[in-house]
Amino acid sequence: MAAAARLLLLRVLALLAVAQAVVGKSAVLSLRELDGRRGAATETRSRSSRYADAKLAEMLGEHKKAGAARRATTVLELKRHSLIAIPDDPAARDRYLRRLLAADESRANSFQLRDDNDRAAAAATRSGSAEVPLTSGIRFQTLNYVTTIALGGGSSGSGSPAANLTVIVDTGSDLTWVQCKPCSACYAQRDPLFDPAGSATYAAVRCNASACAASLKAATGTPGSCGTTGGGGGNERCYYALAYGDGSFSRGVLATDTVALGGASLDAFVFGCGLSNRGLFGGTAGLMGFGRTELSLVSQTASRYGGVFSYCLPAATSGDASGSLSLGGDASSYRNTTPVVYTRMIADPAQPPFYFLNITGAAVGGTTLTAQGLGATNVLIDSGTVITRLAPSVYRAVRAEFTRQFGAAGYPTAPGFSILDTCYDLTGHDEVKVPLLTLRLEGGADVTVDAAGMLFVVRKDGSQVCLAMASLSYEDQTPIIGNYQQKNKRVVYDTVGSRLGFADEDCNYV
C-alpha cells in the first residue's frame with residue numbers, strides 16, 4: 001500500500017508540474033506534422049517528458065489493471081486519417097478547403113438561426129464503460145470526427161454479419177441515423193448501405209410508441225408520422241423527418257436494432273433508417289447523436305454508462321493515429337497528462353439538445369485579455385463544428401494579441417481564406433513558436449488550446465497558414481468552441497453531475 005501511495009503521489013506531482021508549465025505559455029508547432037507531410041503526431045512536449053510519462057504509466061500498470069478488473073472497459077477508436085483526400089494541386093486544394101469551411105460556416109450559422117428563433121419566440125446508476133476508436137473524417141470528405149459501429153444482428157437465414165458503418169460523432173444532434181436500403185435518394189457513401197432485411201433483430205417502431213411522439217419531437221423538432229406498408233392496416237411504422245439548419249436532412253423509418261460499439265453490444269437501440277438523405281455528411285454512412293434528449297446515444301445507454309461520456313480528438317494526420325470515445329465514467333482508460341478540471345454544464349430549455357458552459361476570461365500567450373464579450377454565458381461546445389466562433393469583441397482581442405506576439409517574429413502576412421482572416425506566409429519554416437489561447441471557465445478552471453488547434457494550414461508549402469478561429473457577426477450570438485480547438489484534450493461530459501471536464505492528453509494513439 002505504501003509503495004502504491006508513493007507512486008500515486010509522484011503521478012499527482014507530475015500532473016501539477018505539467019499543469020503549471022502549460023497555462024499561459026507558447027508552444028513550438030511543426031507545420032509539416034500539422035499538415036500531414038510527415039504523418040507523425042504533433043509534439044508539444046519534450047521527449048524526456050513523454051518518456052517520464054511512459055515510465056510512470058508502466059509503474060502504475062498494476063493499479064490500472066486492478067481498476068479495469070473491477071469495471072469492464074471497451075475501447076472505441078477515434079482515428080485521424082491521412083490528408084491524402086486533400087488535393088496537392090494548389091487550386092484544387094483551395095476549392096476543397098473552401099467547400100469544407102463553407103459547410104462548417106453553414107453549421108455554425110444554423111445554431112445562430114435557432115438562437116434567433118428562440119429569442120423571438122421567447123440520475124442513473126453507473127455500471128461499466130466502453131471505449132471506441134475516434135478518427136478524423138478527412139478521407140470521408142468531412143472535417144468532423146468519425147467512428148465505426150456495427151449495426152444489425154445478422155439474419156439467421158442468410159448468416160449475414162452485422163454491417164460496419166462509419167458515422168460522424170456529433171454532440172449537437174440527438175437522433176442517430178444511417179442510410180438504408182431501399183434508398184430513394186441517398187448521397188454517395190463509402191460503406192455499403194445498411195440493409196434492414198439482413199438483420200434478424202431489426203424492427204420498425206410502431207406509431208403508438210412514445211419514441212414516435214414526444215421523444216422524436218424533442219430530438220428532431222417534429223413528431224413522427226404514421227405509415228403502413230402493404231395493404232390494410234398491417235405493418236404500421238413510424239416515419240421521422242430530421243432537418244438541420246444548414247439545409248441538410250434525413251428522412252426515413254424510425255427503428256430499433258442491435259448496435260455494437262467496440263466490444264459493447266446495445267440491444268433495441270432506437271435509430272433512424274434513412275431512405276432520403278442529403279447534406280454535409282461527406283462519404284460517411286450517417287451520424288451518431290450525443291445530445292441530451294431521450295433518443296440520443298447518451299440517454300439510451302444511461303442505465304449502463306451513467307450518462308457520462310468523453311472523447312479525445314487526435315491532432316495527427318497519420319492514418320495509424322487514433323483518438324478515443326469513451327462511454328462511462330471510468331477514467332482508468334484516460335491518458336491525460338494534467339488533472340481533469342471541471343466547470344458547470346449549462347442546460348438551455350430553449351435548446352435542449354446542446355451543451356453549454358460559461359467563459360469568464362481569456363489570455364493569449366500569458367497576456368490577459370479585456371473584451372466586452374468575456375464573461376459570456378451559454379457558450380456552446382460542439383464536436384460537429386470545426387472552427388471556434390468568438391463574439392466580435394473577444395475575437396478582436398484574441399487576434400490583436402496573437403498578431404502582436406506571433407508577428408514579433410517577423411512572419412509576413414498572407415491573404416485571408418474563407419472565414420479565416422488572419423493568415424501568414426510561413427514558407428521555409430518547419431517549426432514556429434505559437435502563442436496559445438487559454439480560456440478561464442466558470443469555477444476557475446483554465447483550458448489551454450493545444451498548439452495544433454491554433455493554426456490552420458491552407459497551402460502545403462506554408463505560404464498561407466491562418467489563425468484557426470473566426471468571429472461571429474454580432475455580440476449577442478452564441479459563441480461556439482469547435483472541434484479544432486478541442487484537439488489533444490480529454491473532454492468529459494457528465495450529464496448526471498451537470499459538469500464538463502477538460503484535461504490535456506496526447507490523443508494520437510497508434
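These are my notebook entries on what I looked up in a predicted model of a single chain.

**Entry 1: overall counts**

I began with the chain as a whole, and I found 9 helices and 31 strands in its secondary structure. The chain has 510 residues, and 55% of them count as buried. For the surface I noted an exposed area of about 20400 Å², of which carbon and sulfur atoms supply 53%.

**Entry 2: the second largest cavity**

I then turned to the second largest cavity, which holds about 120 Å³ of space. I counted 14 lining residues, and those closest to the centre of this cavity are Ile359, Gly373, Leu374, Leu390 and Val394. Which elements supply at least two residues of the lining each? I wrote down strand E17 (359-364), helix H9 (392-407) and strand E24 (437-441). Sorting the lining by class, I obtained 12 nonpolar and 2 polar residues, with no charged residue in the list.

**Entry 3: salt bridges**

My search of the whole structure for salt bridges returned 8, and I looked at several of them in detail.

In one of them the side chain of glutamate 236 meets that of arginine 206, with an N to O distance of 4.0 Å. I traced both partners along the chain: glutamate 236 belongs to strand E9 (residues 236-243), whereas arginine 206 sits in the loop between strand E7 (203-204) and helix H6 (214-220), so that the pair links distant parts of the chain, 30 residues apart. Are these two residues buried or partly exposed? Glutamate 236 counts as partly exposed because its relative accessibility is 24%, and arginine 206, at 45%, also counts as partly exposed.

Another salt bridge joins arginine 404 to glutamate 401, and here I recorded 2.5 Å between the closest N and O atoms. Both residues lie in helix H9, and because they are 3 residues apart, about one helical turn separates them. Glutamate 401 has a relative accessible area of 10%, and it is therefore listed as buried. I noted again that helix H9 also supplies at least two residues of the lining of the second largest cavity.

The next pair I examined was lysine 489 and aspartate 504, whose side chains form a salt bridge at 2.9 Å, N to O. Lysine 489 is in strand E30 (residues 489-494) and aspartate 504 is in strand E31 (residues 499-504), so this salt bridge ties together parts that are 15 residues apart in sequence. I checked burial for both partners, and lysine 489 and aspartate 504 are both buried.

**Entry 4: backbone geometry**

I also listed backbone details, starting with the peptide bond from lysine 181 to proline 182, which is cis, with omega near -10°. I placed proline 182 in the loop between strand E6 (177-179) and E7.

Which residue in the loop between E30 and E31 did I note? That residue is serine 498, which is not a glycine yet has a positive phi of about 50°. Its relative accessibility is 32%, so serine 498 counts as partly exposed.

Serine 418 gave me a similar entry, with phi near 55°, a positive value in a residue other than glycine. I located serine 418 in the loop between strand E21 (413-414) and strand E22 (423-424), and because its relative accessible area is 37%, serine 418 is partly exposed. Taking the C-alpha atoms, I found serine 418 and alanine 470 to be 9.9 Å apart in space, although 52 residues separate them in sequence.

**Entry 5: serine 296**

My last look-up was serine 296, which lies in the loop between strand E12 (286-289) and helix H7 (297-300). Is serine 296 buried or exposed? With a relative accessible area of 0%, serine 296 is buried. A polar atom of the side chain of serine 296 lies 3.2 Å from the backbone nitrogen of serine 299.

Methods: Residues are numbered from 1 along each chain as its sequence is written. This is a predicted model: local features need pLDDT of at least 70, side-chain atom pairs count only at pLDDT 80 or more; totals for chains, interfaces and linings use all residues. Side-chain values use heavy atoms; hydrogens and water are left out. On a 1 Å grid over the protein atoms alone, a cavity is a set of points where a 1.4 Å probe fits but cannot get out, and a pocket is an open set with protein on both sides within 12 Å along at least five of seven lines; lining residues have an atom within 4 Å of a point. Grid points are joined across faces, edges and corners, and a volume is the space filled by probe spheres set on the points. Helices (H or I, at least four residues) and strands (E, at least two) are DSSP runs, numbered from the N terminus. Ala, Val, Leu, Ile, Met, Phe, Trp, Tyr, Cys and Pro count as nonpolar, Asp, Glu, Lys and Arg as charged, and the others, Gly among them, as polar. Buried means under 20% relative accessible area, exposed over 50%, partly exposed in between (1.4 Å probe, protein chains only). Accessible areas come from the Shrake-Rupley method with a 1.4 Å probe; for residues, only the protein chains shown count as cover. A polar contact is a pair of N or O atoms within 3.5 Å; within protein, one must be able to donate a hydrogen and the other to accept it, and residues adjacent in sequence count only if both atoms are side-chain atoms.
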